[in-house]
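Biologist: Before I plan anything at the bench, I would like a careful look at one part of this protein, namely the surroundings of its ligand. Please place that part in its wider setting as well.

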Amino acid sequence: MKKLVSAVSGVLAGFLAATVFFADFTNIGSQSSAEDSTNKSNAEKVYVPFGKLDEYYLFASGGHSGQMFIYGVPSMRHIRTVPVFSPDSATGYGFDKHSKELMGDYTWGDLHHPAFSETNGDYDGKWLFATDVGNSRAAVMDLKTFTTKDIINVPNTSGPHCAAFVTENTEYMFLPTRFAVPIGREYASLDDYSQKYRGVMSAVTFDEKTEKLNIAYQVALPPWSYDLSDAGKKMSKDWAVMTTYNTEEATTNLEINASQADRDYIILFNWKELEKMVADGKYENITGQKMIFPEKQKGGIYLVPVAKSPHGVDVTPDGTRFIASGKLAPSMTVFSFEKAFEAIKNKDFAGDRNGIPILKYESVMEREVNPENALGPLHTQFDDKGMAYTTMFISSEIVKWDPNTGETLDRVPVQYSPGHSVAAEGDTVSPDGKYIIALNKIAKDSYLSVGPSHPESMQLIDLSGDKMEVIQSAPVNPEPHYAQMIKADKLNPLKIYPKEENRPDSVWKQEDTRIERKGNEVHVYGVALRSKFIFDAKAERPDVIEVNEGDKVFIHLTNIDLDQDITHGFAINSYNLNMEVQPGQTNTLEFVADKAGTYPLYCTNFCSALHQEMTGYFLVKPK
Ligand code: CUK
Ligand code: CUA
């Protein structure tokens, strides 16, 4: 890489030095002595010449866009947007049969926290899980095809905000809930909040063979709001932690009323124990779910007092500690798993709330860390040496500190108001160090103005030197909440879809194409190739589909161009339909031909010099 960089650097340097963008970033951060990058300008550090690829993938949650944004690091180039909870006409997501079924009645989602599948606490590059705060769903994306494989509704919860977070071997993805609702979501007056509302947490499993998500069990926690969470690692691998605010059980103006008490809690739970409870039948069957009520089924769940309104909680890579960060109390509190286990063993409790034992703050807390003038600590990531990096929302910076001593090691300003940050594999058992990206909520003056509302901003920070250094910045659509950064060589995306021999609606030879009618159902088994559609090779006009008004139409289309990146689209003009067929893929559109008339159909995805000619007709005979 070095060689190529220097070969082009002459040309590049003149170009880049001239841009305001680059000039800006040489002024930010320190002029430090990054070991292997001492002689590289910031532009060179992020430049990926043609023929070379980025070192990391960044998967940034798309918030209320309902999508996942994929970037390359260090170039910070936006490579792809993958629709998950929202329709996307570019890929036909939400239009074709499978994705339409996944979307159900919903047309948007609020994708918060993505989490990679893990093996032994390390990203295995197979799957990515995500949650929808807007409509209480969970999803899984296949990292071979970069497509959404399954979505489930999560009943009894409202806004699974705080996770996905997965356990060390992806046994579970846990989904705590942001809002408390009555179980079954039935009507209940807010006067009955403390009695009838619950903050249900769900344990979701994923079956790799069927590619289906499933709710294994739920836990009816008290009606508090649950915030961020993390799974244990190594010595704490059977455990998980999550923060809760609104232990006041306020039902109005949370800003004021959920912040009255000096202390809220971290929920510390042993998922192995909960799993055993379920195996032993210690649950109630409610709304089709196996529901554990902690006040009845004792054990496995504990409360750890923490400074009021905590936000993030993160487990250190070695699994020995968990660190809570407080929005309102400007400190990071380091807790020890070992001390917590000891206190649990000795039943050293300070009473209980709602039947859940409370551990004593002093007996679990190791230290409170308050870097000078650092305000609004939210989330913590880690590097390869176990050092912690905490985002400061209010003082707009990332603070590097040592969880072993509490010592502040470095600070770097970011523009502005970071929520999460994501370090290279920074929440695994073996973070890479190298890079951290600040996910900034406010971009303000960072980019050309696009009106009163600006994009969000992601800033790449080089961790290889003694001092953190901001080296690149990229605008991003609203709104990354959290992200995952994975070494690119851990992923193995498909080049083309393999022939699924057993898929009955695939057609691999032009002569097998056909249109079959069963009553008022019409099934089209067609192919797309450069540069035509063939729906029935034996017909006088093979590229025409003719049906009667009111027919139910199934168009099964196989892309038989088995060449990388030769994707075809299929749209019917004025029928509000579009789907995509990637090389080797079969996809189905299912709809009712409820409008009589003449409708041209065409390929939407530019596929060859004759793409413009890749058309046909959809004729609907009136009743
Ligand atoms: S939350 Cu903490 S800043 Cu959705 Cu992860 Cu946004
Ligand atoms: Cu096929 Cu354009």
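Modeller: This is a predicted model, and the protein in it is divided into domain 1 (2-46), domain 2 (56-490) and domain 3 (510-621). Between domain 2 and domain 3, the C-alpha centres lie 43 Å apart, and 6 residues of domain 2 are in contact with 9 residues of domain 3. The side of domain 2 that touches domain 3 has, by class, 1 nonpolar, 3 polar and 2 charged residues.

Turning to the part you asked about, the residues around ligand 1 include the histidines His112, His113, His161, His311, His379, His420 and His481, and they are joined there by Leu228, Gly312, Leu378, Gly419 and Tyr482. Sorted by class, this shell holds 3 nonpolar and 9 polar residues, with no charged residue among them. Three strands, S19 (310-315), S25 (377-382) and S29 (418-424), each supply at least two residues of the shell around ligand 1.

One further element can be described in some detail, helix H8, which spans residues 337-345 and has Phe337, Ala340 and Ala343 as its buried residues. Seen down the axis of H8, these buried residues fall within an arc of 125°, and they therefore line one face of the helix. The spacing behind such a pattern is a general one, because an α-helix has 3.6 residues a turn and residues three or four places apart point the same way. Just after H8, the backbone at Lys347 takes a positive phi of about 50°.

Note on methods. Residues are numbered from 1 along each chain as its sequence is written. Chains are lettered from A and ligands numbered from 1 in the order in which they are written. This is a predicted model: local features need pLDDT of at least 70, side-chain atom pairs count only at pLDDT 80 or more; totals for chains, interfaces and linings use all residues. A residue is near a molecule or strand if its C-beta atom, placed from the backbone, lies within 6 Å of it. Helices (H or I, at least four residues) and strands (E, at least two) are DSSP runs, numbered from the N terminus. Ala, Val, Leu, Ile, Met, Phe, Trp, Tyr, Cys and Pro count as nonpolar, Asp, Glu, Lys and Arg as charged, and the others, Gly among them, as polar. A residue is buried if 20 or more other C-beta atoms lie within 10 Å of its own, exposed if 12 or fewer, and partly exposed in between; C-beta atoms are placed from the backbone. The arc is that of the directions from the helix axis to the C-beta atoms. Domain bounds come from an automatic or database domain assignment. Two residues are in contact if their C-beta atoms, placed from the backbone, lie within 7 Å.
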